[in-house]
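Trainee: Please pick one part of this model and go through it closely. Which residue should be the centre, and what surrounds it?

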Amino acid sequence: MLPILILALLFHQDSKYYFVESFNFSFESFNSDSCSNESRLICLGSVNVFNESLYLTPDLSQQQEGRQIGRVLFRYPVTIWPSSFSTIFTVRFLTNSSVSGDGIAFVIAQDDRPSPPQSYGSYIGMLDPSTEGGVLRQLAVELDSYQNEHEPDDNHLAIVTTSVEYPIALKSLSSTGIYLRSGKEITIKIDYDGWTKNLQISLANFGNPLINFLSQKIIMEEIVPKSTYIGFTAATAFFAESHQIISWNFTSIELPKKSLKQGINNKGKMKIVLSIVIPSLLVLVLVLLFIIQKKQKKGQEMRRIDIEMLARNAANAPKYFTYKQLSRATRNFNKENMVGAGGFGCVYKGVLADPSTIIAVKKINATSGQGQREYLAEICTIGRLRHKNLVQLQGWCHDKEQLFLVYEYMPNGSLDRYIGKIFLDWKTRYNILIGLASALLYLHEECGNPVVHRDVKPNNVMLDSEYNAHLGDFGLARLLQGENNFVTTMVAGTPGYLAPEVSYTGRATPESDVYSFGMVVIEVVCGRRTRGMMEENSLVDYVWTKHENNELITCVDQTLEGNFDEEQMKRTILVGLGCLHPDRMFRPRMRKVVQILLNPNEPLMKVPQSRPTAINLSLHSSNYSSSDSTTITEYNSNKKLPISSMELLPDEMTVVFDENDTKRMYISK
């Protein structure tokens, strides 16, 4: 500690110069509000939002003419120097011809004005003839999909400041295996080191490791203002091309206002201190690294032993695979074998030689704590479950410090690939809903200790070769034990499919799974994906409105063209609405749902004629009696709330009603 104290005393007077500020924002996806006046983005030109992506230039079906220009900027200025920053974003180019263009660019702009009026085509929304040559102070990293005279090909990257004809760096992407117009999602990462003035660009097809592609020294102070606007531009000329932003994250750290040399007035003092501190700190760091490494190795070994013991002693435990077996099956985890990517890893198709079996191998990010919990939940808890409508966990592997889960392979992918995209007839859709309901009935009532899945959604409903439903991805699932039939946890799941009470209390129950099932039902029936209940004109509102007006059949997916049994369709929609009741005490159990779907003579549960507004929050599942419950009534906008009305909710949460309108705040004490 002595070296640290010496430094603290000597630098105390100048310590105020070494506080730095960091700044971050992230867009995992985009919605219709992303371009509103109240949003964090400024959308200019041809920009619109579709399928949770930002279309800088319109979808191909909407491009009636060329010369499209789109620009999106973060609404608030960012200090770009003196600072270091890192941004990562995923883009996609779509085209329907062999010739198209022109491209997209990440831009650091001097202001938040639109792109220059003539900046279509090769100018990619950055410059035009009137600004070419130095009028604008900006820097851009462009992905160019059209070959002009001064460019190597129609698949290159460039760093542009004052001129598109004379970029400060230009390099073809041909050596990377990345082709901009392939239609694949491409991830780009741009890092700028404010100390070394180095700009590093890395990129890869989505789901693959990033490749260090281009490094260039950039002195930001000489190119752009200190305070800038960051975002994207895109443009076309005579050929149609759609440019999409799928996701975007940006982080910057302002550098200290004074360098170390400016902060120390006595250079002799500095040398003496460094001669004492550096050797001492070096020894201290080496000792700490040794201790940490030893603890990590011990912890990893113990964790591996625990996992093996739990998995191998469990009834019906899945098989243990070696890394060599899985590597051989997936051709060394070849990117051509990758069939999907999630929050905690990638999924690969594999073929086992003996016996010949097609499998799906999930390679989990072992550095993620959540990824490790998902892994343990699968092999130690869910691995014992057996049902024809569950994705079967066949095996696991913990080798070479990596985690793997092995499943039966589902050739038709997940249900979300089909809703509103690929046609499925009503008989197939109905069978999928029956299969999903049967899987949830098994989890809730037939597998011993009840299990709550907590993430029922189309993405986790897998389809086999005959389009039978198999519920998968049990990384969030938990056993329910004891009298309190709920899981207390941080809010986990997917917005739009979360039951209202889970958002308020963090408690997952079988009834919250029923709610998620109801959302899947109306998505399958309507052929539309939900955008979440908090959005105006949500899918839930839409179906309830049709029910209130006795027009249920009109909400059915138009692509079915009426090829369904009308009575069966009405019963299915009413099942979905019953499951979506905001008060979980009134939702049906999955056994009742399965009986209704399988038997046309089974009486329906009672479904209100208009959308209910009361939410009952209780400490216990409806499967158990409890007197400790609280009801929140969501009043319509034309009703007044009591002045200063407050109610104490379970789990030390207070709801505060606004005295003038319907706004509410939920505050954890």
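Mentor: What follows is a short account of the whole chain, then a close look at one arginine and its strand, and last some local features elsewhere.

The model is predicted, so local features are given only at pLDDT of at least 70 and side-chain atom pairs only at 80 or more, while totals for chains, interfaces and linings take in all residues. Numbering starts from 1 along each chain as its sequence is written, and side-chain values use heavy atoms, without hydrogens or water.

The average pLDDT of the protein (the predictor's confidence in each residue, from 0 to 100) is 79, and 73% of the residues score at least 70. Over residues 1-19 the value is below 50, and that stretch has 20 contacts (heavy atoms within 4.5 Å) beyond near neighbours in sequence. Residues 618-669 stay under 50 as well, with 110 contacts beyond four places in sequence. Where pLDDT is low, the predicted coordinates should not be read in detail. The secondary structure comes to 11 helices and 33 strands, which are DSSP runs numbered from the N terminus (H or I of at least four residues for helices, E of at least two for strands). Of the 669 residues, 49% are buried (under 20% relative accessible area; exposed is over 50%, partly exposed in between, with a 1.4 Å probe and protein chains only). Of the contacts between residues at least 6 apart in sequence, 64% join residues at least 24 apart.

The centre is R92, which sits in strand β7, residues 83-94. The side chain of R92 has two polar contacts to describe (N or O pairs within 3.5 Å; within protein, one atom must be able to donate a hydrogen and the other to accept it, and residues adjacent in sequence count only if both atoms are side-chain atoms). One joins R92 to the side chain of E185 at 3.1 Å, and the other joins R92 to the side chain of Q244 at 2.9 Å. Beyond residues up to four places away in sequence, R92 touches S53, then G183, K184 and E185, and then S242, H243, Q244 and I246. Both polar partners, E185 and Q244, are therefore in that list of contacts.

The loops on either side of β7 each hold a cis peptide bond. W81 and P82 are joined by one with omega about 0 degrees, and P82 lies in the loop between β6 (78-79) and β7. The bond from G101 to D102 is cis with omega near 20 degrees; D102 lies in the loop between β7 and β8 (103-109).

Among the contacts of R92 is S53, and the loop between β3 (48-50) and β4 (53-55) contains E52. Phi of E52 is positive, near 65 degrees, in a residue other than glycine. E52 counts as partly exposed, at 39% relative accessibility.

Elsewhere, Y467 has a phi near 65 degrees, a positive value in a residue that is not glycine. Y467 lies in the loop between β24 (461-463) and β25 (469-471) and is partly exposed, with a relative accessible area of 29%. In the loop between α5 (369-381) and β21 (393-399) is H387, whose side chain reaches the backbone nitrogen of N389 at 2.9 Å. Apart from neighbours within four places in sequence, H387 is in contact with S438, A439 and Y442.
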